[in-house]
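Visitor: I have a model open on my screen and I keep running into labels I'd like to pin down. Could you walk me through why each one applies?

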Amino acid sequence: MRLSAKEKQQIRRVVVYPIEQNDFYNMTLISDLKWRHAVKAYDPSKKVSTEDIEKIIEATRLAPTSSGLQPFKLVVVSNQALKEQMVPGSLNPDCMRDCSHILVFAAWDQYTDERIDEVYDRTTDQRGLPRGRFSRYTDMLKESFGRQTTAQHFAHISKQTYIALGFALAQAAELRISSTPAEGYDNELIDDVLNLKEQGLRSVALLYLGYANEEKDWLAQMKKVRAPKEDFVVEYK
Ligand SMILES: Cc1cc2nc3c(=O)[nH]c(=O)nc-3n(C[C@H](O)[C@H](O)[C@H](O)COP(=O)(O)O)c2cc1C
């Protein structure tokens with residue numbers, strides 16, 4: 001049965017807007033995002049379970065990236081001795097020391113033809129397609145990145161990591177796990193401790209995960225402040 005345009009529009013309305021306006025802010029993702037804040041102090045005695053860490057890793061892995069290249073790795077640090085070595089490089093040393101896990105978003109140091117081929121060979125292999133099926137596209141990518149500097153590569157790659165950081169923040173919030181995104185750290189020191197250079201990687205951002213120390217986390221009691229919607233949204237109707 002073919003539906004008329006009017007019928008399709010009616011169905012869309014039912015499917016897309018089935019909820020009352022007042023329920024909008026009770027939707028899970030919005031309430032999760034309202035719950036979270038950038039935690040300033042952690043309880044060192046409370047550790048995030050392996051199951052929950054796996055969920056956060058999976059949300060991060062599922063983040064979309066430009067051309068699907070996933071040009072970064074996620075380094076997961078829970079080893080206390082390693083954390084202690086990293087502490088002098090953090091702007092939030094107590095968070096780094098007392099949190100349960102640190103996720104390090106570690107970008108490829110540059111795009112290379114080999115790295116692009118590796119990703120697209122995996123894609124064709126997993127989809128049961130012949131290797132080279134996307135060669136016109138990958139040739140275009142290689143040509144385009146070939147004209148850029150490594151600094152331009154790194155800037156582009158860094159942007160991809162922030163999407164994944166957002167997904168990790170949202171997944172942690174859904175699990176009611178405290179978190180702090182952090183760019184405030186000494187990249188050289190952290191990269192050195194984690195041997196990132198040797199792996200062709202450079203850290204972009206960190207995410208501290210754990211359970212807040214409710215007495216010391218001074219931000220917990222403060223109102224969440226965001227630009228008012230009227231200033232934030234530029235709408236053309
Ligand atoms: C990319 C990024 C880097 C950040 N770096 C730090 C940091 O180094 N230290 C810190 O305490 N907070 C850091 N923050 C937290 C922000 O200050 C915080 O997210 C912002 O003020 C909004 O507050 P809320 O997250 O509590 O809602 C960072 C946030 C983002 C998204």
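**Putting labels to the test**

Guide: Happy to. Let's start with K55, which lies in helix α3. Keep in mind that the model is predicted.

Visitor: Why is K55 called partly exposed?

Guide: Count its neighbours: K55 has 18 other C-beta atoms within 10 Å. Buried takes 20 or more and exposed takes 12 or fewer, so a value in between is called partly exposed. K55 is therefore partly exposed.

Visitor: And what does K55 touch, leaving aside its neighbours within four places in sequence?

Guide: Q171 and L175. There's also a long-range pairing here: K55 and A168 are 113 residues apart along the chain, yet their C-alpha atoms are separated by 9.0 Å.

Visitor: How do you know that the buried residues of α3 line one face of the helix?

Guide: The buried ones are I53, I56 and T60. Looking down the axis of α3, its buried residues fall within an arc of 60°, so they line one face. The face turned away from that buried side carries the exposed residues E51, E54, E58 and R61. As for partners, the buried residues of α3 pack against β1 (72-77), β2, α8 and β4.

Visitor: What is the span of α3 set against?

Guide: Against 1.5 Å a residue: α3 has twelve residues and reaches 16 Å from its first C-alpha to its last, close to the 16 Å expected. Helix α6 (residues 113-127) passes the check as well, with 15 residues reaching 21 Å, close to the 21 Å expected. Just after α6, G128 takes a positive phi of about 65°.

Visitor: While we're on α6, what makes Y120 buried?

Guide: Y120 lies in helix α6. It has 22 other C-beta atoms within 10 Å, and 20 or more is what buried asks for. So Y120 is buried. Beyond its neighbours within four places in sequence, Y120 is in contact with F134 and T138. The C-alpha atoms of Y120 and L69 are separated by 8.2 Å, though the two are 51 residues apart along the chain.

Visitor: S100 sits in a loop, between α5 and β2. Is S100 buried or exposed?

Guide: Buried. S100 has 22 other C-beta atoms within 10 Å, set against a cut-off of 20. Leaving aside neighbours within four places in sequence, S100 is in contact with K46, K47, V48, S78, L209 and G210. S100 and S45 are 55 residues apart in sequence and 8.5 Å apart in space, C-alpha to C-alpha.

Visitor: Then what about R176, in the loop between α8 and β3: buried or exposed?

Guide: R176 has 11 other C-beta atoms within 10 Å, and 12 or fewer counts as exposed. So R176 is exposed. R176 also has a positive phi of about 55° although it is not a glycine.

Visitor: And why does N195 count as exposed?

Guide: N195 is in the loop between α9 (187-193) and β4. With 10 C-beta neighbours inside 10 Å, against a limit of 12, N195 counts as exposed. Its phi is near 55°, a positive value in a residue other than glycine.

Visitor: Which residues have the most contacts inside the largest nonpolar core?

Guide: F105, Y208 and L209, in a core of 43 residues. The elements giving two or more residues to this core are α3 (50-61), α5 (93-98), β2 (101-108), α6, α8 (150-174) and β4 (201-210). Not counting residues up to four places away in sequence, F105 touches F72, L74, T161, A164, L165, S203, V204 and A205.

Visitor: A205 also turns up around the ligand. What makes six residues of that shell count as nonpolar?

Guide: The shell is H37, A38, L91, N92, T180, P181, A182, E183, G184, A205, L219 and K224. Ala, Leu and Pro count as nonpolar, Glu and Lys as charged, and Gly as polar. The shell divides into six nonpolar, four polar and two charged. Strand β3 (residues 178-182) gives the most, with three residues.

Technical notes. Residues are numbered from 1 along each chain as its sequence is written. This is a predicted model: local features need pLDDT of at least 70, side-chain atom pairs count only at pLDDT 80 or more; totals for chains, interfaces and linings use all residues. Helices (H or I, at least four residues) and strands (E, at least two) are DSSP runs, numbered from the N terminus. The expected span of a helix is 1.5 Å times one less than its number of residues. A nonpolar core is a set of buried Ala, Val, Leu, Ile, Met, Phe, Trp, Tyr and Cys residues joined through C-beta atoms within 7 Å. Two residues are in contact if their C-beta atoms, placed from the backbone, lie within 7 Å. A residue is near a molecule or strand if its C-beta atom, placed from the backbone, lies within 6 Å of it. The arc is that of the directions from the helix axis to the C-beta atoms.
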